[in-house]
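Here are some exercises to try with the structure open in front of you. Have a go at each task before you read its solution.

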Amino acid sequence: MSILFDKEKQTFTLQTRSTTYQLQIGPLGYLLHLYYGRRAEGCFDYLHLPRDCGFSANPYELQDDRGWSLDTMPQEYSGSNGADFRLSSVEAETERGQIGADLRYLRHQIRPGKYALNGLPAAFDCGGECETLSITLSDAASGLEVELLYGVFEAKDMITRAVRFRNGGDQMIRLHRAASACLDIPFGSWELIHFHGRHTLERQLERRALLNGIQTIASGRGASSHQHNPFVIICEPDATETAGTCYGVMPVYSGNHRTDIELDQSGSVRIVSGINPDGFSWCLAPGQCFETPELLLTYSAEGFHRLSHTFHRFIRENICRHDRELAERPILLNSWEAMYFDFDETKLLNLAREAKDLGVDMLVIDDGWFGHRDDDHSSLGDWTANPRKLPHGLKPLLKQISDLDLKVGLWVEPEMISEDSDLYRAHPDWALTVPGRKPAVGRNQLVLDLSRREVVDWLHETLSGLLRELPLSYVKWDMNRHLTDLYSASLPADRQGELAHRYVLGLYELLERLTEEFPEVLFEGCAGGGGRFDAGMLAYCPQIWCSDNTDPISRLSIQYGTSFGYPVSSMGAHVSTAPNHQTGRTTPLGTRATVAMSGTFGYELDPAKLTADEKREIREQLRRFRALSQLIDSGALYRLTEGGKPPFTAWQFVSPDQGQTLLNIVLTNPEANPRPLHICLRGLDPDVEYVLEDCAFYGCDAAMPAGCTGPITGAALMYAGVTLPPMLGDTPSAQLVWKTKNG
Ligand code: GLA
């Protein structure tokens, strides 16, 4: 039993392998949060001593008890317009103008299995690994019922949370804020880590002390965004990769999100996370329900590695669909950086032959194959073959490519519409536009209103038609602008605040239907690179194009930041040409592969432009990746250097049985008269002997000194470390594989 209710103490205790989470039905039915942290037994109400704090009001019924205030006691899910002046989790308003929510315990239920959410991606139970706790609170004035849902994955150290609101009253209730979870951390000193960025520079780690007041990580762009990833970490100031306490908060949501973190007058921290309340509202008629997106919560007392490993495993096993996630992924060659819009049937066939000759598994035909699309000004919405470029249509072309024994993938951008398209000419009202106002254009395109049933149905029919007709193994699902001009012709005036969330629900429904109907097709998410890299999309697309920036040195920090929450198997990463198209930098071909191999691995270049030596090198890369892909996908990732601090970046994979490890190192700032390149490995079995199985240096003239080739114990590799030979050159790199001596 991972969920225990103590009748006498009125506590709920959620136990996972290494953590304990406890709440209590407190005085007057208020639900208090007692503890979340390292696994411990007991009742933790002794921690929260009542104290009379000036200007913190007391519940009416306790008016003589000035020590007890909602403003100072840790709450499990804060209400609003009451005495708790900290962040509220729910803001509600009735027809009669009763604003706020005073939430008191009504009932609870503990049951085996995982609760389900309607129309939203959520973690699933792989068979007896989850228990559900549901606690319903209610607000007497409005009749609003708030059902807090907890999924406890004991063995995986993960707690999922979501909230189901129900209008149990007799008047309309409008929600203005409906957070997925609230978490009070009453004691300690904390820092915030979040992952900010921009197009072509996503998920840059930023760490800062929590300041008094509220700090906000949010997106109002209709997508989880390049700018602020929804995943945040709260950690102790001295937390590192290998030590210290940290909490990870990850919304399973792809739309407008917001996580507020408040450091209050008592030094207590409150985290409230969920749909961004800015511009959001949702009307609930009597009897109606609203469910929030899910949130994943975990805690590590052993630093960021442990936190990341927990998320990596959970996303792979409990968020992504198994058939796709755990299957071996094809190594692909994508036409985008090879040809952009400039291709036709002959060029694509030549590209396919070259791709086959190199030895990749799949050719992906990127943007430009449909309508009359020669640049990004037209045709989004017209998902039929471009008659000028592909006069015989897609089917015969794809057949010819398949006949080469090559899989085929196709790029689509279903959520968008070009004004110059037959779709727009037929349905101009399907684009988001505020009546009387010209909509903003982004990349010359408008956004389809996915809150409308007929739009989702039309997209489903069109895309499933393509998937039925064509021998496709893969779809790249792109989204190249953000939402503006929010107005839906299908929603009444008082429900326009629902549009941004309804858009995401429409998207999820579409993805759900397609991935159910075509389980053999691999969907890769994309939004101008990694502009929608989140656990919601990962439920349908087990891999997401990490960034439009394919420069390996830029990718180091992008993939580094991404790896804190998301597994390597989810990160789309390709070797592209040099000089790089985004930065103009030239790097060794091997360094590009070293970095791309810490992702799904593929190519984004025209092989016809490669020299014979480069082709030979690529064939060797393919051999190496195939030999290592299982270790990379299912091994534990260790980040050995912190965000660009030393002149090199190093990271390591360790197989689940600790029998094999891969060390990658890239010299980002080659130095004159360099200091020794010394690295300590992690995660090995200290008592076992390892031997160097494979070793490659790229972009430099170096070889491994004899002493490092082993046999050498795991303890020596981890505690004494290894010293690599000098690597002189422009951004050189190395890949070293050790295996247990008898493995
Ligand atoms: C986006 C994607 C790219 C490519 C282009 C095509 O920018 O991130 O990979 O598919 O669109 O227009």
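**Exercise 1.** Find how strand β27 and strand β28 pair, and place β27 and β28 in their sheet.

*Solution.* This is a predicted model, so residue positions here come from a prediction. Start with β27 (residues 522–525) and β28 (residues 543–545): two bridges join them in the parallel sense. Next, pick out a facing pair: E524 stands opposite Q543 in β28. Now widen the view to the open sheet of nine strands, ordered β29-β28-β27-β26-β23-β22-β21-β31-β30, with parallel pairing. Finally, look at its edges: β29 (571–572) and β30 (575–576) each have a single partner strand, so one side of each is left without a neighbour in the sheet.

**Exercise 2.** Describe the open sheet formed by β1, β2, β3 and β4.

*Solution.* First, read off the order, which is β1-β2-β3-β4, and the pairing, which is antiparallel. The edge strands are β1 (3–6) and β4 (31–38); each has a single partner strand, so one side of each lacks a neighbour in the sheet. From one strand to the next, the twist averages 15°. Then zoom in on β2 (residues 11–15) and β3 (residues 19–25): these antiparallel strands are joined by five bridges. Within this pair, Q15 stands opposite T20 in β3.

**Exercise 3.** Work out how helix α4 packs against helix α12, and which strands α4 lies across.

*Solution.* Two packed helices are described by the angle and the distance between their axes. For α4 (residues 345–358) and α12 (residues 612–634), the axes come within 9 Å and cross at roughly 60°. Next, list the residues that meet: E354, D357 and L358 from α4, with K615, I618, R619 and L622 from α12. Sorted by type, the residues of this contact are three nonpolar, no polar and four charged. As for the strands, α4 lies across β21 (332–334) and β22 (362–365), running at about 150° to β22.

**Exercise 4.** Classify the aromatic pair of F44 and Y46, and decide for F44 and for Y46 whether the residue is buried or exposed.

*Solution.* Begin with the geometry: the ring centres are 6.3 Å apart and the planes make an angle of 40°, so the pair counts as tilted, since that class lies between stacked (under 30 degrees) and edge-to-face (over 60). Now take accessibility. F44 has 7% relative accessibility and counts as buried, whereas Y46, at 53%, counts as exposed. To finish, look for a cluster linked by ring pairs: F195, F231, F304, F311, F533, Y560, F564 and Y566 form one.

Definitions and conventions:
Residues are numbered from 1 along each chain as its sequence is written. This is a predicted model: local features need pLDDT of at least 70, side-chain atom pairs count only at pLDDT 80 or more; totals for chains, interfaces and linings use all residues. Side-chain values use heavy atoms; hydrogens and water are left out. Axes are lines fitted to C-alpha atoms, for helices over the stretch in contact, and angles run from 0 to 180 degrees between N-to-C directions. Helices (H or I, at least four residues) and strands (E, at least two) are DSSP runs, numbered from the N terminus. Contact means heavy atoms within 4.5 Å. Ala, Val, Leu, Ile, Met, Phe, Trp, Tyr, Cys and Pro count as nonpolar, Asp, Glu, Lys and Arg as charged, and the others, Gly among them, as polar. Two strands pair if DSSP finds at least two bridges between them. Rings of Phe, Tyr and Trp (its six-membered ring) pair if their centres lie within 6.5 Å; planes under 30 degrees apart count as stacked, over 60 as edge-to-face and the rest as tilted. Buried means under 20% relative accessible area, exposed over 50%, partly exposed in between (1.4 Å probe, protein chains only).
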